[in-house]
Amino acid sequence: VSGTAVFLPVPGVVGSEAALRVLAEDENVRGVFALYPRVTTALVGIGAVEPSHLLAASGNIFSEKELAALSEHGAVGDILLHFYDAWGKPVEGVLTSRVISMGLEELRKVERAVGVAGGRRKYAAILGALRARWINILICEQFTAERLCAE
């Protein structure tokens, strides 16, 4: 796409709202935030609420209590660490105030919002993302593509 990748130099989830406020004041972080309206291509993963074994082993997941709360509120997946339900409606909660990333509404405005995911475990998350139009391009494997088309 001949673009320039820009990375947000912070953890995706911080321990508290106070930590988020401090990091959001950083000049480098503010500089990335200021670029959001100019993003023309975003490549994002679509995650299921239940993390993969690989992700769980890495320690980069939410606590079991947090995941249970998300599920209780109907969350089926996430994009950019923002969780949503089967129809793509954001699931707000404690985690929302601790996530540092582009928001879903900002992502929706991106010309090419490319979601990458596949497999049975992520099907509900993929369908929710498409229903809400959080992404407008999907890269997936044949099983998921056929099932989505049949839906």
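**Surroundings of His-82, helix α6 and Ile-135**

His-82 is buried, with a relative accessible area of 16%, which places this residue under the 20% limit for burial. The structure described here is a predicted model. His-82 belongs to strand β3. Its side chain comes to 3.1 Å from the backbone oxygen of Met-102. Leaving aside residues up to four places away in sequence, His-82 is in contact with Gly-77, Val-99, Ser-101, Met-102, Gly-103 and Leu-104. Met-102 therefore appears both as the partner of the His-82 side chain at 3.1 Å and among the residues touched by His-82, contact being heavy atoms within 4.5 Å.

Strand β3 (82-84) is also among the elements that cover the buried residues of helix α6. The others include β1 (41-48), β2 (77-79), α5 (104-108), β5 (137-139) and α7. Helix α6 is mostly covered, with seven of its 10 residues buried. These buried positions are Tyr-123, Ala-125, Ile-126, Leu-127, Gly-128, Ala-129 and Ala-132.

The packing of α6 against α7 was examined next. The axes of α6 (residues 123-132) and α7 (residues 142-150) come within 11 Å and cross at roughly 50 degrees. The two helices are therefore oblique to each other, as the angle falls outside the ranges of under 35, 65 to 115 and over 145 degrees. The crossing is right-handed. On the α6 side the contact is formed by Tyr-123, Ile-126, Leu-127 and Leu-130, and on the α7 side by Thr-144, Arg-147 and Leu-148. By class, the residues of this contact comprise five nonpolar, one polar and one charged. Tyr-123, Ile-126 and Leu-127, which take part in the contact with α7, are also listed among the buried residues of α6.

Beyond the end of α6 comes Arg-133, which has a positive phi, near 60 degrees. Ile-135 lies in the loop between α6 and β5. Ile-135 is buried, its relative accessible area being 4%. Apart from residues up to four places away in sequence, Ile-135 touches Val-44, Ile-46, Ile-79, Ala-113, Val-114, Gly-115, Ala-129 and Leu-130. Of these contacts, Ala-129 is one of the buried residues of α6, and Leu-130 takes part in the contact of α6 with α7. The C-alpha atoms of Ile-135 and Ala-125, which are 10 residues apart along the chain, are separated by 12 Å.

Key:
Residues are numbered from 1 along each chain as its sequence is written. This is a predicted model: local features need pLDDT of at least 70, side-chain atom pairs count only at pLDDT 80 or more; totals for chains, interfaces and linings use all residues. Side-chain values use heavy atoms; hydrogens and water are left out. Axes are lines fitted to C-alpha atoms, for helices over the stretch in contact, and angles run from 0 to 180 degrees between N-to-C directions. Helices (H or I, at least four residues) and strands (E, at least two) are DSSP runs, numbered from the N terminus. A crossing is left-handed if the near helix is turned anticlockwise from the far one by less than a right angle, and right-handed if clockwise. Ala, Val, Leu, Ile, Met, Phe, Trp, Tyr, Cys and Pro count as nonpolar, Asp, Glu, Lys and Arg as charged, and the others, Gly among them, as polar. Buried means under 20% relative accessible area, exposed over 50%, partly exposed in between (1.4 Å probe, protein chains only). A polar contact is a pair of N or O atoms within 3.5 Å; within protein, one must be able to donate a hydrogen and the other to accept it, and residues adjacent in sequence count only if both atoms are side-chain atoms.
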